[in-house]
Amino acid sequence: MKTVTLRNGATVPALGMGTWNVGDSADRRSSEIESLRKGLEAGLRVIDTAEMYGNGRSEKLVGEAIADVRDDVYLVSKVLPSNASYDGVRRACRRSLERLETDWLDMYLLHWRGGTPLEETIRAFEDLQADGLIRGWGVSNFDVDDMEEIEDLSGSCQINQILYSLEHRGTEFDLLDHDLKAGVVTMAYSPLGQGGELLQHPALKEIAGRHETSVGPADPAQIALAWVMRRENVMAIPKAGSAKHLLSNVASLEIVLTEDDLKVLDRAFPPPQRKVSLAMI
Ligand code: NDP
């Protein structure tokens with residue numbers, strides 16, 4: 001299974017599980033829990049959540065899903081910029097831990113940059129780590145200039161979680177290489193274009209037609225994920241609300257895109273020729 005390695009030495013599968021909008025509907029709850037459980041059974045480890053998602057409902061559902069298998073999970077949550085002061089981060093972390101029914105987070109990210117000085121948020125992260133409540137920290141939605149600032153302040157930022165998919169390739173111009181050289185893992189969010197038009201694109205259908213997986217002929221979602229994970233130390237965190245989608249996503253780890261596949265995708269989704277400001281959802 002393709003993996004990524006963090007600068008603290010932890011190695012995790014390059015495919016993780018997103019949980020935005022999870023826990024919002026009573027009708028979907030058992031299917032969403034089953035999806036996370038199937039992912040863990042299939043060998044995935046990273047679950048990404050945030051205090052923001054459903055105002056804590058996502059964290060609650062994740063807590064329920066992993067209660068008896070906590071040690072198998074590499075748990076990531078995020079603090080809102082409005083809680084990024086020293087005391088705010090410490091309080092938000094404790095609330096997240098309570099909702100997740102766990103004693104620690106494997107990774108705690110600043111969801112996006114707000115008005116609080118980065119030094120203050122970093123100090124809170126480092127104290128939480130010293131207290132054993134988190135095992136590492138990182139950021140999300142940080143472009144190159146923000147990353148340079150972080151790196152001037154600390155050498156401990158582990159992850160930058162950003163929008164990266166065939167539809168949003170701007171970071172290939174600079175940020176992805178910058179983070180790789182800095183030893184920061186890129187966690188690609190919305191890698192399936194949120195299940196929208198991307199998955200209907202004829203180029204993805206064409207490439208899917210060229211590949212097989214152990215669960216059957218490849219489909220556009222698997223190609224979109226294999227494409228994101230082709231890069232060194234980039235992981236993808238698609239959200240799947242059903243075991244069917246989840247297991248299909250796991251099979252994307254088997255797909256190795258050829259040079260010719262990549263050329264077809266480059267023609268359909270051209271790579272950037274100049275700096276593009278980091279897009280975010
Ligand atoms: P994704 O690109 O992961 O798309 C999710 C959609 O794709 C859902 O509608 C899902 O449907 C569908 N889907 C999943 N698997 C398949 C499949 N095999 N075939 C067809 N459709 C499929 O969008 P997200 O925005 O959810 O991004 C992923 C995660 O990234 C989030 O859940 C969150 O954890 C994180 N994120 C972080 C952000 C940040 O600012 N840091 C911003 C946005 C997201 P179904 O539910 O029916 O399976």
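## Briefing: a parallel sheet and its ligand shell

The shell around the ligand splits into 11 nonpolar, 15 polar and two charged residues. Keep in mind that this is a predicted model. The backdrop is an open sheet of eight strands, paired in parallel and running in the order S3-S4-S5-S6-S7-S8-S9-S12. Below is a quick tour: ligand, sheet, strands, one helix, and two loop residues.

**Around the ligand**

- In total, 28 residues surround the ligand.
- The closest ones are Gly 18, Tyr 189, Leu 192, Gly 195 and Gly 241.
- Helix H9 (residues 243–251) gives the largest share of this shell, with three residues.
- One of the closest residues, Tyr 189, also turns up in strand S9, where Tyr 189 is buried and points the same way as Val 185 and Met 187.

**The sheet and its edges**

- Strands of a sheet pair through backbone hydrogen bonds, and the pairing can be parallel or antiparallel.
- Here the pairing is parallel across the eight strands, from S3 at one end of the order to S12 at the other.
- Strand S3 (17–18) and S12 are the edge strands; each has a single partner strand, so one side of each has no neighbour in the sheet.

**From S4 to S7**

- Strand S4 (residues 46–48) runs parallel to strand S5 (residues 74–79), and three bridges join the two.
- In that pair, Val 46 sits opposite Tyr 74 of S5.
- S5 in turn runs parallel to S6, this time with four bridges.
- Lys 78 has Leu 109 of S6 as its bridge partner.
- To get from S5 to S6 the chain goes through helix H3 (residues 86–100), making a right-handed β-α-β crossover.
- Strand S6 (residues 107–110) is covered on both faces: Met 107 and Leu 109 are buried on one side, Tyr 108 and Leu 110 on the other.
- S6 also pairs with strand S7 (residues 137–140), in the parallel sense and over three bridges.
- Leu 110 stands opposite Val 139 of S7.
- The chain's route from S6 to S7 is through helix H4 (residues 118–130), and this β-α-β crossover is right-handed too.

**S8, S9 and S12**

- S9 is mostly covered, with five of its five residues buried.
- Val 185, Met 187 and Tyr 189 point one way from the strand, while Thr 186 and Ala 188 point the other way.
- On one flank, S9 pairs with S8 in the parallel sense over five bridges, and Asn 160 stands opposite Thr 186.
- The chain gets from S8 to S9 by way of H6, in a β-α-β crossover that is right-handed.
- S9 also pairs with S12, again in the parallel sense, over three bridges.
- Thr 186 has a bridge partner in S12 as well, namely Val 234.

**Helix H6, the connector**

- Which residues of helix H6 (residues 175–182) are buried? They are Leu 175, Leu 176 and Asp 179.
- Looking down the axis of H6, these buried residues fall within an arc of 100°, so they line one face of the helix.
- That set packs against helix H5 (144–153) and three strands: S8 (157–163), S9 (185–189) and S12 (234–236).
- Right after H6 comes Gly 183, which has a positive phi, near 80°.

**Two loop residues worth a look**

- Asp 71 sits in the loop between helix H2 (57–66) and S5.
- Is Asp 71 buried or exposed? Asp 71 has 6 other C-beta atoms within 10 Å, and exposed means 12 or fewer, so Asp 71 is exposed.
- Asp 71 and Ala 182 are 111 residues apart along the chain, and their C-alpha atoms are separated by 29 Å.
- Glu 254 is in the loop between H9 and helix H10 (259–268).
- Glu 254 has 16 C-beta neighbours inside 10 Å; buried takes 20 or more and exposed 12 or fewer, so Glu 254 counts as partly exposed.
- Glu 254 and Met 1 are 253 residues apart in sequence, yet 7.8 Å apart in space, C-alpha to C-alpha.
- Leaving aside residues up to four places away in sequence, Glu 254 touches Thr 213 and Ser 214.

How values were computed:
Residues numbered from 1 in each chain as written. Predicted model: local features only at pLDDT ≥ 70, side-chain atom pairs only at ≥ 80, totals over all residues. Arc of directions from axis to C-beta. Contact = placed C-beta atoms within 7 Å. Near = placed C-beta within 6 Å. Nonpolar A, V, L, I, M, F, W, Y, C, P; charged D, E, K, R; others polar. Pairing = 2+ DSSP bridges. Right-handed = clockwise from strand over helix to strand, strands pointing away.
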